[in-house]
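Visitor: Please take me through one part of this chain at close range. Start with a single residue, work outward to the element beside it, and then set that part against the whole.

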Amino acid sequence: MANEANPCPCNIGDTFDYRSLGCEISVEHISAYLCKPSLSAEKAVIVIHDIYGWQLPNTRCIVDMLAANGYLAILPDFYKGQEPWKPSNDWSTFNEWLKTRDAKKINTEADVVLKYLKEQRNVKKIGVIGFCWGGAAVHHLMSSYSEFKAGVSLYGVIRLAEDKYNLLNPTFFIFGEKDEIIPLEQVAELEQKLTEHCKVDFEVKIYLGQTHGFVHRKREDINPKDKPYIEEAKMDMMNWLNRYIL
């Protein structure tokens, strides 16, 4: 539960015991995790991590899933070597910590990764997905970069996103009904403003009974009642990317 000592219940969830299939690389000043599809592809997805950083095995599992579906998938360290948040940290300091990691100030890193994908991996079509902090970053990028053919924001913290609703390319927003960080009132306002201002395809979907982080922070084997919603959200994400990254 969120309270004064714990203003962000992002520590709710499971850390996967997962051995990733890809490799770690350096892209100029950025460390990144990369997983390649079995066949060469001209399409890629940039994955933006949550507050727990690029080394979280849960997020790397999603990267590997994207690669298994035919995408070159890359998970850069958008914190540029700064320490990610740890569950053991003092949650009363979280808001101060967050001020040093602005989800709207990632253009330099986005430019570096886009250049790498285009020039060194010969990628022609690129999408972007992100979780929590990374979901807010997706909102920013989809409002700023026409290079991203599709975006998926998974429980992107709305208060961290820019007040922009003129998305440049199709974007899918995933939220949980029981998310204590993102009230449904905020979700409704987001959808209303997108309806008023957005000229491209978008969708806002709420998954019944689900809490913050449900897609990548819950183990399906120990959360059987949530498994159908986790699988549905993953399928929705893949369908969105496949529809617009042709």
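Guide: Start with Ser143. In this predicted model, Ser143 has 8% relative accessibility, so it counts as buried, the cut-off being under 20%. Its place is a loop, the one that runs between helix H4 (133-142) and strand S6 (148-154). A loop residue can be exposed or buried, so what does Ser143 touch, leaving out residues up to four places away in sequence? The contacts are Lys164, Asn166, Leu167 and Leu168. There is also a polar link back into the helix. A polar atom of the Ser143 side chain lies 2.9 Å from the backbone oxygen of His139. His139 is itself one of the buried residues of H4.

Now step into that helix. How many of the residues of H4 are buried? The count is 10 of the 10, so H4 is largely enclosed by the rest of the structure. The buried set starts with Trp133, then Gly134 and Gly135. Ala136, Ala137 and Val138 follow. His139, His140, Leu141 and Met142 complete it.

Look closer at His140. This residue sits in H4. Its relative accessible area is 5%, which means it is buried, since the limit is under 20%. Set aside neighbours within four places in sequence, and His140 is in contact with Ala103, Lys104, Ile106, Asn107 and Glu162. Lys104 also appears in a polar pair: its backbone oxygen lies 3.3 Å from a polar atom of the His140 side chain. So two side chains can be read side by side. Ser143 pairs with the backbone oxygen of His139, and His140 pairs with the backbone oxygen of Lys104. For a distance across the chain, take Ile62. It is 78 residues from His140 along the chain, and their C-alpha atoms are separated by 21 Å.

Two other loop residues make a useful contrast with Ser143. Glu28 is found between strand S1 (23-27) and strand S2 (30-35). Its relative accessible area is 56%, over the 50% limit, so Glu28 is exposed. Its phi is near 50°, a positive value in a residue other than glycine. Asn122 is in the loop between helix H3 (107-119) and strand S5 (125-131). At 49% relative accessibility, Asn122 counts as partly exposed. Phi of Asn122 is positive as well, near 55°, and Asn122 is not glycine either.

Now the whole. The chain has 7 helices and 8 strands. Its radius of gyration is 17 Å, close to the 18 Å that the globule rule gives for 246 residues, so the chain is as compact as a globular protein of that length. The C-alpha atoms fill a box of roughly 45 × 40 × 35 Å along the principal axes. Of the 246 residues, 52% count as buried. Take contacts between residues at least 6 apart in sequence: 72% of these join residues at least 24 apart.

One more feature to find on the model is the largest pocket. Its volume is about 210 Å³. The lining has 15 residues, and Tyr52, Gly53, Gln55, Leu56 and Pro84 lie nearest the centre. By class, that lining has 7 nonpolar, 5 polar and 3 charged residues.

Terms used:
Residues numbered from 1 in each chain as written. Predicted model: local features only at pLDDT ≥ 70, side-chain atom pairs only at ≥ 80, totals over all residues. Heavy atoms only, no water. 1 Å grid on protein atoms, 1.4 Å probe; cavity = no way out; pocket = protein on both sides within 12 Å on 5 of 7 lines; lining within 4 Å. Points joined across faces, edges and corners; volume = space filled by probe spheres on them. Nonpolar A, V, L, I, M, F, W, Y, C, P; charged D, E, K, R; others polar. Helix = DSSP H or I, 4+ residues; strand = E, 2+ residues; numbered from the N terminus. Buried < 20%, exposed > 50% of the residue type's maximum accessible area, 1.4 Å probe, protein only. Polar contact = N/O pair within 3.5 Å; in protein donor to acceptor, adjacent residues only side chain to side chain. Contact = heavy atoms within 4.5 Å. Rg over C-alpha atoms; globule rule 2.2 N^0.38 Å.
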